[in-house]
Amino acid sequence: MHELVVISGKGGTGKTTLLAAFASLARKKVLCDADVDASDLHLIMNPRIHQRHDFKGGHTALINQDKCTGCGICRDVCRFDAINENFKVNPLSCEGCGVCHYFCPEEAVDLPQKTCGEWYISDTRFGPLAHARLGVAEENSGRLVTLIRKQGKELAERMGLDLMLTDGPPGIGCPVIASLGGATAVLIVAEPSLSGLHDMERVAQLAHGFNVPTMTCVNKFDLNPDQARAIESMAERKNVAVMGRIPFDPIFTKSMIMGRTLFEYDSQSNGALSVKSIWEKVFKSLKNHCEKNKKLPD
Amino acid sequence: MKIAVSSTGKDLDSPVEPRFGRAPYLIIVDTDTLEFEALDNSASMNAFKGAGIQAAAMISRKGARVLLTGYCGPKAFEALEAAKIKVANNVTGKVKEAVTAFNGGLISFSDRPNAEAHW
Amino acid sequence: MIISVASGKGGTGKTTIATSMAFSVEGAVQLLDCDVEEPNAHLFVRPDITGAEIIYTPVPEVNMNRCTLCGTCSEICRFNAIVVLGETILPFTELCHGCGGCMLACPEKAIRETGRELGVIEYGSRKGLEFIHGKLRIGEAMAPPLIRKVREYAKPGFLTIIDAPPGTSCPVIAAMSGADFILLVTEPTPFGLHDLKLAVGAVKLLDIPCGLVINRSDIGDGRVREYALAENIPVLMEIPFARGIAEAYSRGEVLAQISSGWKEKFQELSERIKNIARQKSAGTSYA
């Protein structure tokens with residue numbers, strides 16, 4: 001079982017469009033949308049949901065006003081300013097640490113677990129999809145990322161599929177960290193701008209810390225060929241393999257509007273052809289990494 | 001000596017559970033008498049983070065000196081080291097068979113974790 | 001007054017809008033880059049950095065001479081960040097949320113706090129614009145406490161513009177809550193619309209007035225506009241796609257400074273925002 005995680009550091013570089021395109025090229029695979037905070041893959045995949053589960057996240061303090069005597073201890077011990085002068089908890093500030101629950105002399109503070117999202121197992125025209133939706137303003141997205149990747153892997157094993165394509169989250173924080181552990185390889189989709197260079201460097205450093213083999217490709221390279229070259233040479237210095245370039249092509253937007261992958265929309269376009277050549281290289285490199293690591297678990 | 005085995009079930013005939021922190025049961029076995037106690041690990045199993053840490057603390061309280069399991073992540077490994085519990089990874093089969101193998105000196109100990117950290 | 005510039009989807013032009021507005025408005029203006037995972041505004045502002053502050057979150061340290069291994073600390077900790085193991089006690093500081101519970105609960109007063117580095121805040125200025133940003137340490141998972149520290153730099157009497165992170169989970173909330181206005185930036189595509197709806201959900205939860213900027217407004221379709229109309233969200237600005245704008249962005253140039261007319265449009269945008277925010281606060285005070 002091997003897993004390719006596609007991430008970007010910076011948002012909006014074309015990560016999901018690329019992953020959807022890979023999905024129409026790869027055979028025998030499971031798809032996993034681990035960008036649980038703003039998942040978009042389903043807009044192209046049009047999934048038929050088979051299983052729907054609640055995601056139980058963190059806890060939030062709840063003060064029982066009948067028991068509360070207004071002594072104020074909870075407000076004193078709370079580090080997150082989550083309890084107001086009327087002893088109401090602001091769920092957006094509450095960290096769920098339970099310190100108020102522990103110290104309340106009246107046992108007036110409950111700490112119920114929240115349902116903070118849903119996850120799904122679905123069918124798509126490109127194979128099974130594990131995906132999730134984190135509720136707005138919720139935390140624990142890292143844990144939901146871990147959960148959905150695990151569900152995807154189990155699904156792959158049950159169905160005898162040996163590849164998982166994972167659409168990862170942007171950034172470098174908790175959800176990205178959760179998407180890297182145990183991955184076979186990572187592909188960073190970069191864009192040729194100063195921001196793209198800066199973000200790519202940070203996310204590559206993170207992937208390096210996880211010891212995951214890392215690859216990159218530059219999307220819309222012709223918007224600034226100098227920056228594209230700068231990204232590629234930085235990648236080489238950081239031991240990140242450069243897989244190719246994709247020209248700026250309006251079919252990225254046009255195909256998205258139709259809910260189609262690049263190849264379904266126009267397989268002969270410049271954009272699609274360059275994505276195809278990148279996929280072939282990425283797939284080859286995945287197979288190589290996998291053979292090298294055969295002895296390891298997972 | 002008391003040893004701990006991660007287990008899918010409550011008795012010695014249960015298969016070894018490959019995961020340590022998120023194992024349904026942790027079985028503490030006296031290697032001389034084969035008397036055992038099955039610890040319900042559901043609290044750790046459902047923990048957000050640090051399931052292995054909680055599980056390590058639990059078997060440490062029960063006096064285990066050795067852990068037989070499948071995979072052990074870095075935090076659990078650090079915790080087990082601090083508790084002076086030796087770890088054998090990649091153990092498979094039934095719990096009883098794992099204990100027999102341990103008694104026969106057929107188990108080798110690990111000096112590092114063999115699984116990724118979970119977030 | 002605090003304006004938070006946000007978007008569900010990444011790469012829609014948040015930083016372009018935030019930096020352009022910051023350079024266009026006259027008077028006392030601050031720009032706070034709260035996208036601490038991938039801060040980019042400095043690449044456009046190019047501030048002279050005059051100072052930096054390393055930000056820590058409190059984590060426990062145990063004095064073993066006092067500790068009796070009673071286990072109270074691990075009982076109160078809901079994050080498994082401190083645990084009794086045999087003859088010792090082990091803090092797992094990267095799991096710690098800094099609630100201070102273990103220190104308060106320890107009957108022997110054996111726990112004091114040290115720090116885990118979250119990242120760094122740098123500050124400076126350019127052309128009269130005050131600039132502050134936070135940079136999350138690579139490998140650090142928890143962005144919200146660093147974002148809250150960046151926000152402490154907001155000064156009364158200034159127009160404070162916040163460049164928020166993408167998404168709709170806890171880091172975004174940390175960058176939006178308490179703002180007077182939220183400016184949402186999107187593009188008129190299915191992904192843009194889907195993520196915009198999520199962002200609007202977060203804004204409603206916070207009950208802050210908001211408006212919309214549609215970037216690359218002539219690509220895509222009309223569904224974002226239809227949605228905005230149905231939800232009664234004012235579209236305050238549209239920026240058509242132009243290769244020249246994309247190229248200038250890629251070089252780190254500020255939109256309001258490269259082509260004529262944009263500076264006035266951003267001034268007008270900030271005036272419209274001020275009016276809406278004023279009406280809203282007047283409205284709520286009557287209610």
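**Helix packing, chain build and domains in a predicted model**

Modeller: In this predicted model, helix α1 (residues 15–25) of chain A packs against helix α11 (residues 270–292) of chain A at an angle of about 70°, and their axes are 10 Å apart.

Colleague: Why is α1(A) called roughly perpendicular to α11(A)?

Modeller: Angles of 65 to 115 degrees count as roughly perpendicular. The angle here is about 70°, so α1(A) is roughly perpendicular to α11(A).

Colleague: Which residues make the contact between α1(A) and α11(A)?

Modeller: From α1(A) come A:Leu18, A:Ala21, A:Phe22 and A:Leu25, and from α11(A) come A:Val275, A:Lys276, A:Ile278 and A:Trp279. By class, the contact has seven nonpolar, no polar and one charged residues. Lys counts as charged, and A:Lys276 is part of the contact.

Colleague: What about chain B, and how many helices and strands does chain B have?

Modeller: Chain B has four helices and five strands. Along the sequence their pattern is β-β-β-α-α-β-α-β-α.

Colleague: What makes α2(B) and α3(B) roughly parallel to each other?

Modeller: Helix α2 (residues 51–61) of chain B and helix α3 (residues 74–82) of chain B pack at an angle of about 25°, with 8 Å between their axes. Angles under 35 degrees count as roughly parallel, and α2(B) and α3(B) are therefore described in that way. The crossing of α2(B) past α3(B) is right-handed.

Colleague: Which residues of α2(B) and α3(B) meet?

Modeller: B:Gly52, B:Ile53, B:Ala56 and B:Ile59 in α2(B) meet B:Lys75, B:Ala76, B:Ala79 and B:Leu80 in α3(B). This contact has six nonpolar, one polar and one charged residues. Gly counts as polar and Lys as charged; B:Gly52 and B:Lys75 are both in the contact.

Colleague: How do you know that the radius of gyration of chain B agrees with a compact globule?

Modeller: For 119 residues, a compact globule would have a radius of gyration near 14 Å, and chain B has 12 Å, which agrees. The C-alpha atoms of chain B fill a box of roughly 35 × 25 × 25 Å along the principal axes.

Colleague: Where do the domains of chain A and chain C lie in the sequence?

Modeller: The domain assignment of chain A gives domain 1 (2–56 + 117–292) and domain 2 (61–111). For chain C, the division is into domain 1 (2–55 + 121–286) and domain 2 (64–109).

Colleague: How far apart are the C-alpha centres of the two domains in chain A, and in chain C?

Modeller: In chain A, the C-alpha centres of domain 1 and domain 2 lie 41 Å apart. In chain C, 41 Å separate the centres of domain 1 and domain 2.

Terms used:
Residues are numbered from 1 along each chain as its sequence is written. Chains are lettered from A and ligands numbered from 1 in the order in which they are written. This is a predicted model: local features need pLDDT of at least 70, side-chain atom pairs count only at pLDDT 80 or more; totals for chains, interfaces and linings use all residues. Side-chain values use heavy atoms; hydrogens and water are left out. Domain bounds come from an automatic or database domain assignment. Axes are lines fitted to C-alpha atoms, for helices over the stretch in contact, and angles run from 0 to 180 degrees between N-to-C directions. Helices (H or I, at least four residues) and strands (E, at least two) are DSSP runs, numbered from the N terminus. Angles under 35 degrees count as roughly parallel, over 145 as roughly antiparallel, 65 to 115 as roughly perpendicular and the rest as oblique. A crossing is left-handed if the near helix is turned anticlockwise from the far one by less than a right angle, and right-handed if clockwise. Contact means heavy atoms within 4.5 Å. The radius of gyration is taken over C-alpha atoms; the globule rule is 2.2 Å times the number of residues to the power 0.38.
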